[in-house]
Structure formats: structure tokens, C-alpha cells
Amino acid sequence: MASFNIVMPKLGESIQEGTITKWFVKEGDTIEEDDMLFEVATDKVDSEIPSPVDGVITKINYPEDSLVAVGEVLAVVSLDGEVEETEPEATDSKDEKEATTSDAPAKAETTDASVDDSRKLSNRFYSPLVKTIAKEENVSLDELESIEGSGVGGRVQKKDIMAYLESRDNSAAQPVAKTESKSAAPVVEKKAAPPVSIGANDTVVEMDRVRKLIADHMVMSKQVSPHVTSVVEADVTDLVIWRNKNKDVFQKKYGDKITFMPIFTEAVAAALAEFPMLNSSVSGDKIVMKKDINVGIAVAKPDGNLIVPVIKNAEQRNLVGLTKELNRLANAARNNKLDPAEIQGGTFTITNFGSFGNIIGTPIINQPQVAILATGIIEKKPAVLETPSGDVIAIRHKMYLSLSYDHRIIDGALGGAFLRRIADHLEQFDINRAI
Ligand code: CO6
């Protein structure tokens, strides 16, 4: 029987394992190339994986919710339709082709069973390296759970557990006068939430994995950086008139719909180039000024979760390029088709709650960035205009822009000036701009 092994794909440079969250096929199913096989979740992104071949599924080696190392054989497809008993480990047949062989690392090492068991109780994933360190250093599950992770979604990285060990050793050595190691990252203590009483008529809903990651990330962000929010109002009448006049022609010419988001993004990218401190990150007591201007866009997914794909080098793209990239990323996000690389490397984020009618908000910073812009709904309003022949009241299109920023490094004067500059760019949009 000619067979093909479906292996756990490598979904990103640093990703070593993924959880199969859903199988779309079962043993015995006939499949065609590009049919969706399964959904895989990592701590960075969820993806649906299509079949690279036609055939019949003869074996599924892992049930849903299994955490599997990259390169492991997840399923076997018979290419000639013959169904045979297949040994799960028999992966070296000459006829077998694997989608990822060269970059597939060895199976994740066996680790402390108690740490592995924690996956069922905890919303966090621990890399094999972190688990090995935890095992060697006798870090209990409870301790591991208490460590604040600095990775994406609050994931505990090697440096986090090392910092924890250092501070644990320090406090053990000096129980009274606790000193902080200079190199240790601050370990932020998680506050215990108050107990919740559950009544007979209440419904308890389990958070899904992504929701838990978002929740952790939000708590971490609020703990790591003191947020403040400034708000400005912008008169965006010219850009609204321009878009209304040009949106059909734009769509015909470029095959993409233009909304206000690409225009907001263009204004943000230009302002970031003028205010580089807003395009930075804080690392200990250092400020890392980012060279690239990579603007993340918060996208609401149909399942109610939020994901932030990134428009890379936004300041180098024109309005057509920004529109195409935004639409591509937003569609991929809504359909779970984002690559991990597409949600990494953001240096600033925009969240547009204007699409659901909100006017002002205080968004939470997407760590390790230092600021996030929220764009409110554009609405017609009566406004006083100064003209050479005196003041008049006119109907104008207006919106609020809210900027949350990290007060550790950005004071009100800087944050406010940056925010005003974004508003200026939007207000000065050229109503005669060619498309
Ligand atoms: N004003 C007026 N009209 C708007 C606005 C604003 N701000 N934003 C969108 N729209 C219009 C837009 O132009 C479309 O109209 P037509 O072109 O005339 O059809 C329509 O609303 C739908 O736009 P759509 O949302 O489909 O596309 P857009 O490019 O504007 O946005 C997106 C893309 C991916 C940002 C958006 O689809 C999305 O997912 N938004 C939700 C983001 C979100 O949930 N953020 C979290 C908010 S919670 O931050 C938060 C502070 C706390 C509370």
C-alpha cells in the first residue's frame, strides 16, 4: 500500500508542538487534496491544515486535544485507496513521503508527569525546555503556574523561569532583608481573584484556550505597564467625502474594498515615523527603539475572540498596499488562516471599535508595545467653523481617537502630541487625492 504520513507541521520558527483542537476527518474517510484535515492550536496561532494528497485516511494516531511535537505522524493516508493495518511508528517506508521531514525535530522529551498533567488543569503550555528546568530545579506545578511569562500570550520562557529561580534562591538565603538581583526580571505577583458564588440558575461556561491566553495577556499588560489614556476629536469630513466618492472606483480598479482602516493606519504609520518613542519597547531599564514600523490591527473573530495580525513596514506602503494587506490579514484572521509570522513583530496596535458604534475607549496595550490607538465611530455632528465672514455652524464628520500609552516612558505631553499628530494627518487628508 502506498501511503503518506500527515505530520504535525512546523507552524513557526520557535514552535515545537501544537494541540490538535479538531479533526475534520475520521478513519475510512476519502479525502481530496486541499480538504481540511484538522485544526491545530499553538500558543501563537490557530490554523486549519489541508491535505496535501488525495487518498483514504487509514489511521489517526492522536485524538483531539492531544499536544503533539512537530514532525510526529498524526495520520496515515493510503494513496491507492487500499486500507491496511498500519503501525503508527512505521514511518520509514520507502513509499512514504512526509510533508515536513528535514525540519522536524525529535519528539519532545519525556518530562515530569505532574507538569504534563497540569495541561488539563491549566491554560498554559510549557515548552520542553521550561519543563526540563522545572523538573531539574524541583519547581512545583503551583510555582510554575505563578510565574509571570514574558512570551506571547504570557508564555513562560527560559529567562522567566531562570529569573524566578534566582529570586527564589535569594529569598531563601535572605528571608528577612530580601534583595533583588539586578539581572532578575521583576516577578509580578498575581493577585488571587475573589471567590465567585455560583447559584442554581447560573450557567458556567468554560473559557476556550485562546480566551484564556487573551485573559492572561490582558492581566499581564496591566501589571507590567501603568496605562494612561488621552483622547482627541478629529474632523475627518474630507476623508469621508473622499472615500464615499472613490470607494466603488477603488474596488473596481484594485479588486479590494477600501474602508477607513487603511487611512487610519497610514496616518498612524506617518506619526510613528515622526515620534519614534511611540514605536518602542521597554526592556528592564532600557528602551528599545524599533526600526520597523509594524502596525497590528485588532480583528474580531466570529468565535468572539480577538487576534492581532501585523501589517509589516506600514510606513513603506501606499494606501492601495495598506488596503490589500489589511483585507488579506483580516480575512485570514477570521478564517483561522494566519501564519504565526503574521501575528508577530508588531510595534504598535490599532483597535477600531467604531465598526460597532463605540465612540471612546481605553484599550489595553499589546505587550511589549508601549501604545495602542482606538478609533471611534465617525459621526455627523454640528460644529462651529471659523470662516473669513465669521463663525458658522456646519454639519461635519467627526470621530474620537483614544491613545493608551505606557506612562513609564511616555508622559502626557509626548503621548498627547503624538495623538494630535495622527488627528492632524487625518484632518489634512487631501480630498482630491488620486487613486
Ligand atoms: N467609523 C465609521 N464607520 C466605520 C468605522 C468607524 N470608525 N469603522 C468601520 N466603519 C465602517 C466601514 O467603513 C464599513 O462600512 P462600508 O465600507 O460603508 O461598508 C463598515 O463599518 C464595516 O467595516 P469592517 O469592520 O468590515 O472593516 P474595517 O476595515 O473598518 O475594519 C477590522 C476591519 C478588522 C478592524 C474590523 O472588522 C474589526 O474586526 N473590528 C473590531 C476590532 C475589535 O473588536 N477591537 C476590540 C475593541 S474592544 O479595544 C477595545 C477599548 C476596548 C473596549
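The exercises below work through helices, salt bridges and strands of a predicted model.

Residues are numbered from 1 along each chain as its sequence is written. In this predicted model, local features need pLDDT of at least 70 and side-chain atom pairs count only at pLDDT 80 or more, while totals for chains, interfaces and linings use all residues, and side-chain values use heavy atoms, with hydrogens and water left out.

**Exercise 1. Describe helix α8: its span, its buried residues and what they pack against.**

Step 1. Helices (H or I, at least four residues) and strands (E, at least two) are DSSP runs, numbered from the N terminus. Helix α8 covers residues 319-334, which makes 16 residues.

Step 2. The expected span of a helix is 1.5 Å times one less than its number of residues. From first C-alpha to last, α8 reaches 22 Å, close to the 22 Å expected.

Step 3. Buried means under 20% relative accessible area, exposed over 50%, and partly exposed in between (1.4 Å probe, protein chains only). The buried residues of α8 are L319, V320, L322, T323, E325, L326, N327, L329, A330, A332 and A333. An α-helix has 3.6 residues a turn, so residues three or four places apart point the same way.

Step 4. Contact means heavy atoms within 4.5 Å. The elements that the buried residues of α8 pack against are the helices α6 (237-254) and α7 (261-274), together with β13 (295-297), β14 (299-300), β15 (306-307) and β16 (310-311).

**Exercise 2. Examine the two ends of α8 and the place of N336.**

Step 1. At the start of the helix, a side-chain oxygen of N318 comes to within 3.2 Å of the backbone nitrogen of V320.

Step 2. After the helix comes N336, with a positive phi near 55 degrees. N336 lies in the loop between α8 and β17 (348-352).

Step 3. N336 counts as buried because its relative accessibility is 14%.

Step 4. Neighbours within four places in sequence aside, N336 is in contact with E39, D46, S47, E48 and K301. With E39 there is a polar contact between side chains, at 3.3 Å. A polar contact is a pair of N or O atoms within 3.5 Å; within protein, one must be able to donate a hydrogen and the other to accept it, and residues adjacent in sequence count only if both atoms are side-chain atoms.

**Exercise 3. Find salt bridges that link distant parts of the chain.**

Step 1. A salt bridge is a side-chain nitrogen of Lys or Arg within 4 Å of a carboxyl oxygen of Asp or Glu. The whole structure holds 15 of them.

Step 2. In the pair K324 and D256, the closest N and O atoms are 3.1 Å apart. K324 belongs to helix α8 and D256 to the loop between α6 and α7, 68 residues apart, so the pair links distant parts of the chain. K324 is partly exposed at 34% relative accessible area, whereas D256 is buried at 16%.

Step 3. R433 and E266 meet through their side chains at 2.6 Å, N to O. This pair too links distant parts of the chain: R433 is in the segment after α9 (412-427), E266 is in helix α7, and 167 residues separate them. R433 is partly exposed at 27%, and E266 is partly exposed at 21%.

Step 4. For K286 and D285, the closest N and O atoms are 3.7 Å apart, and both residues are exposed. A network of salt bridges links E325, R328 and E342.

**Exercise 4. Decide whether α7 is enclosed or open to its surroundings.**

Step 1. α7 has 14 residues and reaches 20 Å, close to the 20 Å expected at 1.5 Å a residue.

Step 2. Because 10 of the 14 residues are buried, α7 is largely enclosed by the rest of the structure. Among the buried residues are M261, F264, V268 and L272.

**Exercise 5. Trace the strand partners of β17 and β1.**

Step 1. Two strands pair if DSSP finds at least two bridges between them. β13 and β17 run parallel and are joined by 3 bridges, with V295 opposite F348 in β17.

Step 2. β17 is also joined by 4 bridges to strand β18 (residues 371-375), again parallel; there, T351 has A374 as its bridge partner. Of the 5 residues of β17, 4 are buried.

Step 3. Strand β1 (residues 3-7) is joined to strand β8 (residues 73-78) by 5 bridges, and the two run antiparallel. The bridge partner of V7 in β8 is V73.

Step 4. In a regular strand the side chains alternate between the two faces of the sheet. In β1, S3, N5 and V7 point one way and F4 and I6 the other way, and all are buried.
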